[in-house]
Amino acid sequence: MIRIDNLTRRFTNGKGIFNVSFEVKEGEVFGFLGPNGSGKSTTIRHLLGYMKPQKGSAVIDGYDTWKNQAKARGRIGYLPGEIAFLEGMTGSDFLDMMAGMQGITDKSKRTSLIQRLQFDPDTPIRKMSKGMKQKVGIVATFMHDPDVYILDEPTSGLDPLMQKLFVELVLEEKEKGKTFLMSSHSFSEIERTCDRAAIIRNGEIVTVKDIHELQSMQRKVFDVTLTRSEDVEAMKESRLSIKKTEGLFVRVEVQGDFDNFIHELSKYSVKNISAGTQSLEQIFMDYYDAEEAGS
Ligand SMILES: Nc1ncnc2c1ncn2[C@@H]1O[C@H](COP(=O)(O)OP(=O)(O)OP(=O)(O)O)[C@@H](O)[C@H]1O
């Protein structure tokens with residue numbers, strides 16, 4: 001449904017995106033992840049037909065987003081990171097304007113979205129919090145039932161309850177066979193919604209991975225408090241992957257080899273231990289580090 005092929009845009013300062021390629025299948029939810037300035041927005045701008053590729057192409061449902069901009073754009077519901085609202089409008093005014101542009105007359109989906117997101121659309125936009133503006137944007141994007149959703153940081157500013165609701169909305173649309181490309185900094189949101197994710201860094205795709213594959217790379221994190229400082233020193237000498245020590249506190253990451261960890265730990269006097277799971281964010285950071293070491 002979305003195909004990006006060797007998309008390249010080098011700005012005069014040398015930054016940009018370089019040979020970006022990936023595909024999003026119909027009905028797939030695809031995460032687009034990367035640190036600030038890595039090239040997510042530039043890629044998305046090409047998908048919306050706002051920028052002409054210097055090289056390569058971006059295609060939506062068979063339509064080249066530059067050469068056949070109107071056709072391609074018509075398939076997309078786009079939620080920008082920050083919406084530019086016109087002065088003096090209420091949320092309802094804005095939604096009316098969008099509905100006019102989208103050519104929709106049936107208000108039922110809009111009404112139900114407003115009810116679920118729990119906000120008063122008649123509030124003047126200038127009085128709205130960032131989260132409330134984001135809700136207006138979500139309604140505007142979802143109400144016209146697009147085939148392809150392109151969402152830039154969709155839950156920024158939303159509280160955890162609303163983030164959860166947003167995940168539900170995405171999964172409902174996915175059920176209907178809709179396609180999503182979603183940039184996000186929220187790894188739990190990506191985990192709960194996405195089938196696959198691409199990681200972009202310095203304008204280049206580092207990897208495209210199945211979300212389960214990413215999850216299986218997650219390590220367990222054990223926070224151990226010992227009773228003797230000499231044990232901390234001994235533990236540092238072991239084969240364990242020690243991420244941090246502070247006084248008697250030691251953080252150990254374990255991937256699979258629990259026997260070795262338990263065997264090693266049995267040598268020491270342990271005061272406290274707690275187990276957690278490495279976040280996806282940490283996995284990505286490991287990825288970046290590995291790339292760095294390899295390059
Ligand atoms: N018009 C421009 N002229 C020059 N450099 C630009 C231009 N637009 C973007 N850049 C640079 O290109 C790089 C990629 O920017 P882009 O906005 O695509 O990143 P991003 O991943 O969307 O970041 P963020 O999460 O902060 O929005 C950055 O280094 C940015 O400074």
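**Overall layout, ligand shell and helix H3**

Of the 295 residues in the protein chain, 30% come out as buried, meaning that 20 or more other C-beta atoms, placed from the backbone, lie within 10 Å of a residue's own. The model is a predicted one, so to speak of local features takes a pLDDT of at least 70 and side-chain atom pairs count only at pLDDT 80 or more, while totals for chains, interfaces and linings use all residues. Numbering runs from 1 along each chain as its sequence is written.

The protein chain holds eleven helices and 14 strands, taken as DSSP runs (H or I, at least four residues, for helices; E, at least two, for strands) and numbered from the N terminus. An automatic or database assignment splits the chain into domain 1 (2-211) and domain 2 (219-278), with C-alpha centres 42 Å apart.

Around the ligand sits a shell that includes Phe 11, Asn 13, Lys 15 and Lys 40, counted by a C-beta atom, placed from the backbone, within 6 Å. Helix H1 (residues 40-47) gives the most to this shell, with three residues.

Then there is helix H3 (residues 91-102). Its twelve residues should span 16 Å at 1.5 Å a residue, and the end C-alpha atoms are indeed 16 Å apart; the expected span is 1.5 Å times one less than the number of residues. Gly 91, Phe 94 and Leu 95 are the buried residues of H3. Seen down the helix axis, they fall within an arc of 95 degrees, so they line one face of H3; the arc is taken over directions from the axis to the C-beta atoms. Just after H3, Gly 103 has a positive phi of about 70 degrees.

Key: A residue is buried if 20 or more other C-beta atoms lie within 10 Å of its own, exposed if 12 or fewer, and partly exposed in between; C-beta atoms are placed from the backbone.
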